[in-house]
Amino acid sequence: MAGNITFTMIKPDAVRAGNIGAILKMINDAGFRIVAMELTRMSKAKAEKFYDIHKERPFYGELVDFMTSGPIVAAVLEKANAVEEFRKLIGATNPAQAAEGTIRKLFAASIGENAIHGADSDENALREANFHFATSSMFDKSGNCVG
Ligand code: CMP
């Protein structure tokens with residue numbers, strides 16, 4: 001059964017452009033409930049660890065530099081089938097390929113600076129939520145806040 005939480009970050013480009021409010025409104029209007037949220041700036045060490053999975057990719061350094069270039073909004077969102085529903089709302093990684101009306105189509109400039117992150121699986125949603133919001137696990141595997 002699909003899980004009911006996902007993890008997102010409004011990225012530095014969208015925060016710099018003043019789009020936090022517009023993006024959160026789209027998220028709420030699409031039926032997501034904000035369970036946890038933090039305006040923060042990632043340290044280099046934290047960004048490197050978060051994107052460890054992309055370490056061998058040519059864009060890794062650029063990605064870490066960009067994600068630490070300014071504040072982000074990290075959030076845990078709740079909705080039935082959250083991961084898949086949220087990925088539909090944000091659109092394709094490359095905004096040039098994102099569907100009309102999606103967050104990336106509206107607010108992203110390029111594949112590297114693409115306005116928003118959405119976890120790509122239930123397992124990663126939990127891992128990323130716990131990585132960001134607690135040193136120990138804050139969410140159990142049903143998505144309940146236990147911290
Ligand atoms: P996201 O899916 O949130 O997390 C990984 C990020 O890597 C992705 O968004 C993109 O912003 C970035 N990324 C993926 N592919 C490329 C690429 N070819 N060039 C630059 N950045 C990329």
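Two strands count as paired when DSSP finds at least two bridges between them. With that in mind, the place to start in this predicted model is its sheet. Four strands make up an open sheet, lined up as E2-E3-E1-E4, and the pairing is antiparallel. Strand E2 (33–40) and strand E4 (116–118) sit at the edges with a single partner strand each, so one side of each is left without a neighbour in the sheet. From one strand to the next, the twist averages 15°.

Going through the pairings one by one fills in the picture. Strand E1 (residues 5–10) and E4 are antiparallel partners over three bridges. Within this pairing, Met 9 stands opposite His 117 in E4, and Thr 8 has Gly 118 of E4 as its bridge partner. Helix H2 (residues 20–29) packs on the sheet, where it touches E1, E2, strand E3 (72–78) and E4. The direction of H2 makes about 165° with that of E2. On the E3 side, E1 is joined to E3 by six bridges, again antiparallel, and Ile 5 has Glu 78 of E3 as its bridge partner. E3 and E2 also run antiparallel, joined by seven bridges; here Glu 38 is matched with Ala 74 in E3.

How much of this sheet is covered? For E1, six of the six residues are buried, so the strand is largely enclosed by the rest of the structure. In a regular strand the side chains alternate between the two faces of the sheet. Both faces of E1 are covered, with Ile 5, Phe 7 and Met 9 buried on one side and Thr 6, Thr 8 and Ile 10 buried on the other. E3 is mostly covered as well, with six of its seven residues buried.

Some of these residues turn up again in the nonpolar cores. The largest nonpolar core has 22 residues, and those with the most contacts inside it are Phe 7, Met 9, Met 42, Tyr 51, Met 67 and Val 76. Two or more residues each come from E1, H3, helix H4 (60–67), E3 and H7. The most comes from H4, which gives five residues. Met 67 gives a feel for how these parts meet: leaving aside its neighbours within four places in sequence, Met 67 is in contact with Met 9, Lys 11, Pro 12, Met 42, Tyr 51 and Ile 72. Apart from the largest core lies another one, of 19 residues, among them Ala 14, Val 15, Ile 23 and Ala 75.

Aromatic rings are the next thing to look at. A pair of aromatic rings is described by the distance of the centres and the angle of the planes. A search of the whole structure turns up five aromatic pairs. One of them is Phe 32 with Phe 86, an edge-to-face pair at 5.4 Å centre to centre, with 85° between the planes. Phe 32 lies in the loop between H2 and E2 and Phe 86 in helix H5 (residues 82–90), so the pair ties together parts that are 54 residues apart in sequence. Phe 32 counts as buried, at 3% relative accessibility, and so does Phe 86, at 0%.

Another pair, Phe 50 and Phe 131, is tilted, with 6.0 Å centre to centre and 45° between the planes. This pair links distant parts of the chain, given that Phe 50 is in helix H3 (residues 44–50) and Phe 131 in helix H7 (residues 122–133), 81 residues apart. Are these two rings buried or exposed? Phe 50 is buried, with a relative accessible area of 4%, whereas Phe 131 is partly exposed at 23%. Ring pairs also gather Phe 7, Phe 50, Tyr 51, Phe 131 and Phe 133 into a cluster.

Two of the rings described above have a lysine over them as well. The charged end of Lys 46 sits over the ring of Phe 131, 5.8 Å from its centre. Lys 79, in turn, lies over the face of Phe 32, at 5.0 Å from the ring centre.

Definitions and conventions
Residues numbered from 1 in each chain as written. Predicted model: local features only at pLDDT ≥ 70, side-chain atom pairs only at ≥ 80, totals over all residues. Heavy atoms only, no water. Axes fitted to C-alpha atoms, helices over the stretch in contact; angles between N-to-C directions. Contact = heavy atoms within 4.5 Å. Phe/Tyr/Trp six-rings, centres within 6.5 Å; stacked < 30°, edge-to-face > 60°. Buried < 20%, exposed > 50% of the residue type's maximum accessible area, 1.4 Å probe, protein only. Lys NZ or Arg CZ within 6 Å of the ring centre and 35° of its normal. Core = buried A, V, L, I, M, F, W, Y, C linked by side-chain atoms within 4.5 Å.
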